Amino acid sequence: MKFRRHLIFLAFLVALPGSVLGGVLPDDRGDVLYHRYEGGGVTIDGPSVLVRKKAGKSLSFVGNYYLDMVSSASIDVITTASPYTEERTQWSVGMDYLRGNTTMRMSYISSVESDFDASTYAFSVSEDMFGDLTTLTLSYAFGEDIVGRSDDPTFRRDNTRQHYGVGLTQILTRNLIATLNFETVTDEGFLNNPYRSVRYADSGSALGFSFEPELYPETRTSNALGLRARYFLPYRAALEAEYRFYTDTWEIEGHTASLTYVHPWGPFTFEGKFRYHDQTGAAFFQDIFSRSEATNFRGRDKELSPLTSYTFRGKVSYEFLDKNKGWGIFKRGSLNFSLDHLFVEYHEFRDITSGPLGEEALYELSANVYQIFVSFWY
Amino acid sequence: MKFARPGRILLALLACYGLSACSVEPWVKPYERDRLADPIMALEGDPVSTAYIQHVYEAREGARGGEGAAGGGCGCN
């Protein structure tokens, strides 16, 4: 059984303006990151490398290479399939064009793995207004996925995805900046995992249940509204609060909130964050169905279960090059380490290895996410 | 929760764009934005790191988007 991944619209992120002064291109920089996820029987690690460079006063180019090396023996995998390893490679290239107070961005992203191929084309335009106090961004992206199966070379299904975004960043006071984002994503095509199964009650089985392939609706539309504000504290530290409301046509409704504190100390910067997420489950999710083909649509993806997740983050950055101590072409440089501890409580998804039918415990996931990266500005 | 129709949103955006052509006195002057320009106030200071951790969230949760950066989703097991 293998991962199924949709392409993250990384281009929107790597193209975000880094200045609050408006009308400027993002800084030239390079980042080399190593990431590692460990939890629930899954280990995913690999590098991510980003390079951004201006060309003249109006253009900036960005490229990113990202690799996931996956070793999975997750709860889904060990109960219905065999552990596996695989790789996912993602490339993206993008361009920013600045003209007056308007910045246009275009990007292309490719994600390839043995049984999943995704391409995304993204475009956005930002306008700085009202003396650069306000930045309005409109974004659109179109994605195409090809879903395959490693055990069936003739299997091929297609997906398309469209993303619409509106963002408003507002300087409210000399200490406070806020951003409001609304995003709609529509998917159409083969949206379920070709390997994953649901289980149903089966008195003819020794376990009391059997498995059959999951079957999802062929469309999904989601809406998300997020508000984030960052405040400069009187003693040079920052506090950020964020809230997001999410809803989709699969009847998942989610609330996400977080609080971040950033504290510089000499060449070091420390960051602590707590994030909370709570969601209802998809309408067609059930941990166990009453019989085979009991409903038109059926799924047992634990991410579609009602769940609550908690994340605790610690991060430290060390600036070894600054504006007073450059090195060659490099003006600034920082070394960064972060650890995110993720804990997820599933409210309906059960651990079927924990006991006989009817006595199974609800599943819980605990994971650590490590990042170490170096950044250079030139 | 119901959201406004796309046409109304577009109209509101066009109105904002039209207003931008008017002369609005910024209540926070450019020379008063030194604190906002401090790196600790950057909303997206580390784009590669932020993209990665949002990818993790989308893989582990059923929600996506609305955070000013990422969209899409992930059905990782």
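Two strands pair if DSSP finds at least two bridges between them. On this basis, strand 2 of chain A and strand 3 of chain A form a hairpin in the predicted model. The hairpin has 3 residues between its strands. In the turn, A:Gly56 has a positive phi of about 75 degrees. The two strands run antiparallel and are joined by 12 bridges. A:Val42 stands opposite A:Ser72, which lies in strand 3 of chain A.

Strand 2 of chain A also forms a hairpin with strand 1 of chain A. Here 2 residues lie between the strands. A:Gly40 sits in this turn, with a positive phi of about 60 degrees. Pairing between strand 1 and strand 2 of chain A is antiparallel and extends over 11 bridges. A:Gly39 has A:Val42 of strand 2 as its bridge partner. A:Val42 is thus a shared point of the two hairpins, with A:Gly39 as one bridge partner and A:Ser72 opposite.

These strands belong to a chain with 2 helices and 18 strands. The radius of gyration of chain A is 23 Å, close to the 21 Å given by the globule rule for 378 residues, so chain A is as compact as a globular protein of that length. Its C-alpha trace spans about 75 × 40 × 35 Å along the principal axes. Of the 378 residues in chain A, 41% are buried. Contacts were also considered by sequence separation. Among those in chain A between residues at least 6 apart in sequence, 58% join residues at least 24 apart.

The largest nonpolar core draws on both chains, and it has 25 residues. Those with the most contacts inside this core are A:Tyr37, A:Val369, B:Val48, B:Tyr52 and B:Val56. Several elements give two or more residues to it. From chain A these are strand 1 (29-39), strand 2 (42-55), strand 3 (59-72), strand 17 (332-350) and strand 18 (362-377). From chain B, helix 2 (47-60) joins them. Helix 2 of chain B gives the most, with 7 residues. The strands of both hairpins described above are therefore among the contributors to this core, together with the chain B helix. Contacts across the chains include those of B:Val56, which touches A:Tyr37 and A:Val369.

A second, separate core has 11 residues. Its members include A:Phe130, A:Leu133 and A:Ile171 from chain A. B:Leu36 is also included.

Technical notes: Residues numbered from 1 in each chain as written. Chains lettered and ligands numbered in written order. Predicted model: local features only at pLDDT ≥ 70, side-chain atom pairs only at ≥ 80, totals over all residues. Helix = DSSP H or I, 4+ residues; strand = E, 2+ residues; numbered from the N terminus. Rg over C-alpha atoms; globule rule 2.2 N^0.38 Å. Buried ≥ 20, exposed ≤ 12 C-beta atoms within 10 Å, placed from the backbone. Contact = placed C-beta atoms within 7 Å. Core = buried A, V, L, I, M, F, W, Y, C linked by C-beta atoms within 7 Å. Lists of a residue's contacts leave out its neighbours within four places in sequence.
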